[in-house]
Amino acid sequence: MSGHGTPIPMTSRRSGPLKGVAEVPGDKSISHRSLILGALAIGETQITGLLEGEDVIDTAKAMRAFGAEVTDHGGGEWSVRGVGVGGFQEPDNVIDCGNSGTGVRLIMGVMATQPITATFTGDASLNKRPMARVTDPLELFGTQAVGREGGRLPMTLVGAADPVPVRYEVPVPSAQVKSAVLLAGLNAPGKTVVIEKEATRDHSERMLAGFGAEITVEDTDEGRVITLTGQPELKPQIIAVPRDPSSAAFPVCAALVTPGSDVLVPGIGLNPTRAGLFTTLRDMGADLTYENEREEGGEPVADLRAKFSPNMKGIEVPPERAASMIDEYPVLSVVAAFATGTTMMAGVKELRVKESDRIDAMARGLRANGVTVEEGADWWSVEGLGPDGVPGGATCESFLDHRIAMSFMVMGMGAQEPVSVDDGSPIATSFPIFEPLMSSLGAQIVRSNT
Ligand code: S3P
């Protein structure tokens, strides 16, 4: 089982105003998909702006293990020479996806309908996460999966030699499950249909269409019905990965809670399946504006300007918005602590099965730092203490979860006393330049727990 090496304790303390431009790295979801679909095309896909975080690097290594030629040209430029749909070779060794649920679930989907066997593992966090949500639908194609108790990694999949297309209604709002089924459907003859009741991020659908697959999406009374025709020849693409709204969330929220701040976060994708946090912050009264709104690569993009916002109010976040901001609830709960009144977040059961149980992880750290949190199975609420009212002063566990570590670093920037995390090393999975970038804006983050 891999880990993240030696723990890196970190402390964030109240700094002066955060000022400047925060150029956040490429989108994690789109980076994984670029490498995976590039590996399935015939010819060379060229990628710029790839997120070079540990999660995506693990996916690049996995694509090499399955036979694709993946080359790092430096500075976020990568190329992938693919093997074609159905052309994966059997890997010689166990595939280690590190911390990445997206990596392992999407890759399992791709290999599930090819006549090869592969064994998957991950770090202590990934090996606790549920995989049956993916292997249940993959078994409908004819795949066999054997894992540990409760459908956990390490797990071996024997791909279906004669896959059949499936019709599958996704029981939980999960883009990873949806994508795994679609990617498996790529090598099944005929039409694979995936139905989702709530719209989740649609990068797989957009990118499959971009690579030349026949894919349609219909909004019906049943939900979003996605139909993919199997066994296409995918054509290589030139992909410019947009900057990640989930990473932008950290400098944006840091500016909102740090007195005097004014930060510009340029070129952020505002795809409606991803932008729920920014809508929510504006509903709370945040001074967050969209500048230079434009379209890039078929996606709405804007430069975000965030300023210190001492008058934010707690709100009830609409549960139907959850899928479009699912990774942003940890940092939202920090902002909520600096608002006035209660912020209620309901319909968020999925937070309990992320890199950590994110409701539990945030509730523990917030409480230790003097913030009142209530929680139930699928909801939680945070009592705001106002812009100057968060005591801080405690060390929080990050539970091998990058977003928990970064959220508490944001809290330390506005709290009365410094806030520490026991281990910031997981930040490298999604935002390897977090510390230098935040420091360049004026944040005070140090690698120690004092
Ligand atoms: C992702 C989907 C989401 C999200 C994850 C990335 C993706 O997970 O939390 O960080 O790229 O498809 P779920 O599909 O489990 O909701």
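Leaving aside neighbours within four places in sequence, with which residues is Thr 227 in contact? The legends below take up this question along with other close-up views. The model is predicted, so that local features need pLDDT of at least 70 and side-chain atom pairs count only at pLDDT 80 or more, whereas totals for chains, interfaces and linings use all residues. Residues are numbered from 1 along each chain as its sequence is written, and side-chain values use heavy atoms, with hydrogens and water left out.

**View 1. Thr 227 and its contacts in strand S13.** Thr 227 lies in strand S13, where strands (E, at least two residues) and helices (H or I, at least four residues) are DSSP runs numbered from the N terminus. Its partners in contact, beyond the neighbours within four places in sequence, are Lys 191, Thr 192, Val 193, Glu 214, Ile 215 and Thr 216, contact meaning heavy atoms within 4.5 Å. With a relative accessible area of 16%, Thr 227 is buried, a word used for values under 20%, while exposed means over 50% and partly exposed lies in between (1.4 Å probe, protein chains only).

**View 2. An open sheet of four strands.** The strand order is S10-S11-S13-S12, and the pairing is mixed; two strands pair if DSSP finds at least two bridges between them. Strand S10 (167-170) and strand S12 (215-220) are the edge strands, each of which pairs on one side only. Neighbouring strands are turned by 20° against each other on average, direction ignored. S10 and strand S11 (residues 191-196) pair in the parallel sense over four bridges, and Glu 169 has Ile 195 in S11 as its bridge partner.

**View 3. Helices H1 and H3 packed together.** Helix H1 (residues 28-40) and helix H3 (residues 101-111) pack at an angle of about 20°, their axes being 11 Å apart; axes are lines fitted to C-alpha atoms, for helices over the stretch in contact, and angles run from 0 to 180 degrees between N-to-C directions. The contact involves His 32, Arg 33, Ile 36 and Leu 40 of H1, together with Thr 102, Gly 103, Leu 106, Ile 107 and Val 110 of H3.

**View 4. Asp 283 in helix H8.** Asp 283 lies in helix H8 (residues 276-283) and counts as partly exposed, at 42% relative accessibility. Not counting residues up to four places away in sequence, Asp 283 touches Ile 315 and Arg 321. From C-alpha to C-alpha, Asp 283 and Ala 180 are 34 Å apart in space, and they are 103 residues apart in sequence.
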